[in-house]
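Please read the report below alongside the sequence and the coordinates. It goes through the helices and their packing, and then turns to the surface.

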Amino acid sequence: MTSVTALQWGLLLGYLALSIVALASLRRVEARPMAAAVLFLAAPHIVYYGLFLIWPDVLDSAQTMQFSIALRYQMMFITAAALGMKITGRSWRL
């Protein structure tokens, strides 16, 4: 296993661990918004690294790159929304 592959396995296991903690945190009302946000971010990363490492034949090189780019857009839009809410003083609750 190369160092790059080991780092990717670390990301897969890290996102899995985050998801388990977030799922357990959904029971606590005060943690629910953050837990939902963590799950929203972690789930597609788990799928990506699962496909990339465990089922590498599912995605060809172009599809792998497109999936990776989509994940970066997800992160960009979420951080922009969080920053926008902080700037305007709005909360996550409606």
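## Helix α2 and what covers it

The buried residues of α2 are covered by elements that include α1 (3-25) and α3, as judged from a predicted model. The buried positions in α2 are A35, L39, A42, H45, I46, Y48, Y49, G50, L51 and L53. Helix α2 itself takes in residues 32-53, and because its 22 residues at 1.5 Å a residue should span 32 Å, the 30 Å between its end C-alpha atoms agrees with expectation.

I46, which lies in helix α2, is a useful position at which to examine this packing. With a relative accessible area of 19%, I46 is classed as buried because the cut-off for that class is under 20%. Leaving aside residues up to four places away in sequence, I46 touches L12, Y15, L16 and S19; among the buried residues of α1 are L12 and S19. By contrast, M85 stands 27 Å from I46, C-alpha to C-alpha, with their positions 39 residues apart in sequence.

## Helix α1 and the Q8 contacts

Helix α1 has 23 residues and reaches 32 Å from its first C-alpha to its last, which is close to the 33 Å expected at 1.5 Å a residue. Its buried residues are Q8, L12, S19, A22 and S25, and these buried residues pack against α2.

Which residues does Q8 touch, not counting residues up to four places away in sequence? The contacts of Q8, a residue of helix α1, are with Y49, F52 and L53, and of these partners Y49 and L53 are listed among the buried residues of α2. Q8 is itself buried, since its relative accessible area is 17% and the class requires under 20%. The C-alpha atoms of Q8 and G50 are separated by 9.7 Å, although the two residues are 42 residues apart along the chain.

## Helix α3 and its contacts

Helix α3 covers residues 61-88; with 28 residues, it reaches 41 Å from its first C-alpha to its last, close to the 40 Å expected at 1.5 Å a residue. T64, S68, L71 and Q74 are the buried residues of α3, and what covers them includes α2.

Two further residues of α3 have contacts elsewhere in the chain. F67, located in helix α3, touches P44, V47, Y48, L51 and L59 when residues up to four places away in sequence are not counted; two of these partners, Y48 and L51, are listed as buried in α2. F67 and L13 are 54 residues apart in sequence, and their C-alpha atoms are 19 Å apart in space. I78, also a residue of helix α3, touches F40 and L41, with the same exclusion of residues up to four places away in sequence. I78 counts as partly exposed because its relative accessibility is 23%, whereas buried means under 20%. Between I78 and Q8, which are 70 residues apart in sequence, the C-alpha distance is 22 Å.

## Surface patch and salt bridge

M65, I69, Y73, M76 and F77 form a nonpolar patch on the surface, and together they account for about 540 Å² of accessible area. Within this patch, Y73 is found in helix α3 and counts as partly exposed, because its relative accessibility is 46%.

Side chains of opposite charge can pair when their charged atoms come close. How many salt bridges are counted in the model? The count comes to one salt bridge, formed by E30 with R28, whose closest N and O atoms are 2.7 Å apart. E30 is exposed, since its relative accessible area is 53% and the class begins over 50%.

## Confidence of the prediction

The protein averages a pLDDT of 90, and 95% of the residues score at least 70. Among the elements of the protein, the highest mean pLDDT belongs to α1, at 95, and the lowest to α3, at 89.

Key
Residues are numbered from 1 along each chain as its sequence is written. This is a predicted model: local features need pLDDT of at least 70, side-chain atom pairs count only at pLDDT 80 or more; totals for chains, interfaces and linings use all residues. Side-chain values use heavy atoms; hydrogens and water are left out. Patches are made of residues with over 30% relative accessible area and no salt bridge: like charges are joined within 9 Å, nonpolar side chains (Val, Leu, Ile, Met, Phe, Trp, Tyr) within 5 Å. Accessible areas come from the Shrake-Rupley method with a 1.4 Å probe; for residues, only the protein chains shown count as cover. A salt bridge is a side-chain nitrogen of Lys or Arg within 4 Å of a carboxyl oxygen of Asp or Glu. Helices (H or I, at least four residues) and strands (E, at least two) are DSSP runs, numbered from the N terminus. Buried means under 20% relative accessible area, exposed over 50%, partly exposed in between (1.4 Å probe, protein chains only). The expected span of a helix is 1.5 Å times one less than its number of residues. Contact means heavy atoms within 4.5 Å. pLDDT is the predictor's confidence in each residue, from 0 to 100.
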